[in-house]
Structure formats: C-alpha cells, structure tokens
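Good morning, colleagues. I should like to take a few minutes to walk through one structure, so please look at the sequence and the model as they come up.

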Amino acid sequence: MVALSLEVFLKLQRMDESATATPFIDAASAKPDAIPMMTALRSYVHFSSASEMLIRDYAEIFPEWVKLAKVACVIPVSSVPAERGFSLQNRIKTAQRNRLGEGRVTRLMRIASSRDTLNTFDFNSAAARFTAAKYRKK
C-alpha cells in the first residue's frame, strides 16, 4: 500500500515538474528506499507509532520518507470537525439572517460552540464587563 501511494505521489510530482517550484521530495532516492523502509516498519501496528519511530530513529537513513511521514502526521484523519463547523454555520446563517457579515457569523459560531450553558455561565462577570465597556450608541 505504501509503495502504491508513493507511485501515485511520484506520478503527481512528475506532472507538476513543469512548475517553477522545487519538488518536495527527491523521487530518485525515495523509490529505492521503499522496500527497506517498509521492512523496518513492518512490526508496528499503528501508523502513529510507526511514524514516530521513523522520524526519531531513521531520519538519517530515510530522509525523504521522514518528510512524507511528517506531512502524513498532520493531515486530518476525518472531516468531522469541518462538517460540524459547516452545520453550525448553516444553523446560524439562515434565510432570515442572510445579511449577517462574516465577522458576526464567526463571533456567533464561537459563542454557539463554546459549550457554556446557563448553569455554567458567569453572569456577574459578563455584567461587570458590559458596564465597564465604553458607551457606543450613535
């Protein structure tokens, strides 16, 4: 599976060679290292522990694979947080509230996702901040 992913990555990299950007990895040195790298990681069941070991112990032996492991470690595994955010935004910005600006929607989303309930919200602190704020009526 890792070799197949590498093949796809290398194919995409070749397609992008006409661009002015430098390649992320050296394909010529990464491809021959695929089998030895997979052999070294074979005993690890979880991707996270294999990646940590690759980055920690094999950085000098497989530098191109370490670059890929670092990138793979920061890629989200699922899109659940993004989908949750879109659902929250759709609940806030309805057809009746179609003129809400981006800043206001962002602040309303932050309030809605803060998980404060009426039982945990500190009304005295909020009232003190409100009374201390500058009066801005126009």
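Let me begin with a question: does V71 count as buried, partly exposed or exposed? Please bear in mind that this is a predicted model. V71 counts as partly exposed, because its relative accessibility is 35%, and the partly exposed class runs between the 20% and 50% limits. V71 belongs to helix α5. On the surface, V71 joins F24, V74 and I75 in a nonpolar patch. Together these residues have about 370 Å² of accessible area.

I turn now to the helix itself. Helix α5 covers residues 63–74, 12 residues in total. From first C-alpha to last, α5 reaches 17 Å, close to the 16 Å expected at 1.5 Å a residue. The buried residues in α5 are E64, W65, V66, L68 and A69.

This brings us to the interior. In soluble globular proteins, nonpolar side chains tend to be buried together. The largest nonpolar core here has 13 residues, and M37, L41, L54, F62 and W65 have the most contacts inside it. Two or more residues come from each of α3 (34–41), α4 (47–57) and α5. The largest contribution is that of α5, with four residues. As for L41, if we leave aside its neighbours within four places in sequence, L41 is in contact with A50, M53 and L54. There is also a second, separate core of five residues, including I92, L100, V105 and M109.

Next, the charged pairs. How many salt bridges does a search of the whole structure find? It finds two.

One of them lies within α5, where E64 and K67 are three residues apart, about one turn of the helix. An α-helix has 3.6 residues a turn, so residues three or four places apart point the same way. The closest N and O atoms of E64 and K67 are 3.5 Å apart. E64 counts as buried because its relative accessible area is 11%, under the 20% limit. K67, at 34% relative accessibility, is partly exposed.

The other salt bridge joins the side chains of R56 and D57, at 3.1 Å from N to O. Here R56 is exposed, since its relative accessible area is 59%, whereas D57 is partly exposed at 45%.

To close, I would return to helix α5: it gives four residues to the largest core, holds the E64 and K67 pair, and carries V71, a member of the nonpolar surface patch. Thank you.

Notes
Residues are numbered from 1 along each chain as its sequence is written. This is a predicted model: local features need pLDDT of at least 70, side-chain atom pairs count only at pLDDT 80 or more; totals for chains, interfaces and linings use all residues. Side-chain values use heavy atoms; hydrogens and water are left out. The expected span of a helix is 1.5 Å times one less than its number of residues. Buried means under 20% relative accessible area, exposed over 50%, partly exposed in between (1.4 Å probe, protein chains only). Patches are made of residues with over 30% relative accessible area and no salt bridge: like charges are joined within 9 Å, nonpolar side chains (Val, Leu, Ile, Met, Phe, Trp, Tyr) within 5 Å. Accessible areas come from the Shrake-Rupley method with a 1.4 Å probe; for residues, only the protein chains shown count as cover. A salt bridge is a side-chain nitrogen of Lys or Arg within 4 Å of a carboxyl oxygen of Asp or Glu. A nonpolar core is a set of buried Ala, Val, Leu, Ile, Met, Phe, Trp, Tyr and Cys residues joined through side-chain atoms within 4.5 Å. Contact means heavy atoms within 4.5 Å.
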